[in-house]
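Work through the exercises below with the sequence and the model at hand. Each task is followed by a solution in steps.

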Amino acid sequence: MKKILLVAVLLLLISSAALFAAEPREGIKAGLVTGLPFHIGAIGEYDFGVASASVALGYGSGSFLLRMGGDYHFDKPFVNSDWGIDLYLSVGGHLDIFIFSGGAAVALGIPVTWSWYMDDLPLKFFVKAGPEIFFNFGGLDFLGSAGAMYQF
């Protein structure tokens, strides 16, 4: 059921994007983020134009998550003429600290981010995905997250 709801929300977003796409905006943004493995939390970001820095605080899968990261933004949108939307690409890195009852874990990720900005409202929707190396457990995993932020 969760997968069907996620697909429906993404289809709604994509279908409305052709009418309301905008360019990235500099400044402070705050919002909500969720992802796999399951977590949900608050995120804040400062966009410098060519780069951005972000901090997220969340909970999920039995642990608290503190994520600090940064992204480099490509200035030209990735445009798919079949969809009629402007998706902006970013590449960066983040440091994750997972705190759970038995201790803590530290991970370093290298996500790729696709962002879409609404024209009539100062909202940013994003999807991140990429590999993450866990130092405490010595493992490699592929993580993803999605969210929305309001710009002040």
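**Exercise 1. Place S115 in the fold and decide whether S115 is buried or exposed.**

Step 1. S115 belongs to strand β9, residues 112-118; strands (E, at least two residues) and helices (H or I, at least four) are DSSP runs, numbered from the N terminus. The model is predicted, so local features need pLDDT of at least 70 and side-chain atom pairs count only at pLDDT 80 or more, while totals for chains, interfaces and linings use all residues. Residues are numbered from 1 along each chain as its sequence is written, and side-chain values use heavy atoms, with hydrogens and water left out.

Step 2. The relative accessibility of S115 is 2%, so S115 is buried. Buried means under 20% relative accessible area, exposed over 50%, and partly exposed in between (1.4 Å probe, protein chains only).

Step 3. Beyond four places in sequence, S115 contacts D86, L87, Y88, K124, F125 and F126; a contact requires heavy atoms within 4.5 Å.

**Exercise 2. Find the salt bridges of E45 and K128 and state which parts of the chain they link.**

Step 1. The whole structure holds five salt bridges, each being a side-chain nitrogen of Lys or Arg within 4 Å of a carboxyl oxygen of Asp or Glu.

Step 2. E45 pairs with K29, with the closest N and O atoms 3.9 Å apart. This bridge joins strand β3 (residues 39-47), which holds E45, to strand β2 (residues 27-36), which holds K29, across 16 residues.

Step 3. E45 also bridges to K124, at 3.1 Å between the closest N and O atoms. Here strand β3 is linked to strand β10, and the partners are 79 residues apart. E45 has a relative accessible area of 6% and is therefore buried; K124, at 3%, is buried.

Step 4. K128 and D71 form a salt bridge of 3.0 Å, N to O. K128 is in strand β10 and D71 in strand β5, so the bridge ties parts 57 residues apart in sequence. Both partners, K128 and D71, are buried.

Step 5. Through shared partners, salt bridges connect K29, E45, D47 and K124 in one network.

**Exercise 3. Which side chain of opposite charge is nearest to E132, and what else surrounds E132?**

Step 1. E132 lies in strand β10, residues 123-134.

Step 2. E132 is buried without a salt bridge, and the nearest side chain of opposite charge is R67, 4.2 Å away. In this charge count Lys and Arg are positive and Asp and Glu negative, with His and the chain ends not counted.

Step 3. The E132 side chain makes a polar contact of 3.4 Å with the side chain of H94. A polar contact is a pair of N or O atoms within 3.5 Å; within protein, one must be able to donate a hydrogen and the other to accept it, and residues adjacent in sequence count only if both atoms are side-chain atoms.

Step 4. Outside four places in sequence, the contacts of E132 include R67, H94, F98, A107 and L143.

**Exercise 4. Which residues form the largest nonpolar core?**

Step 1. A nonpolar core is a set of buried Ala, Val, Leu, Ile, Met, Phe, Trp, Tyr and Cys residues joined through side-chain atoms within 4.5 Å.

Step 2. The largest such core has six residues: L65, F98, A105, A107, F134 and L143.

Step 3. Beyond four places in sequence, F134 touches F98, V106, A107, G139, D141 and L143.
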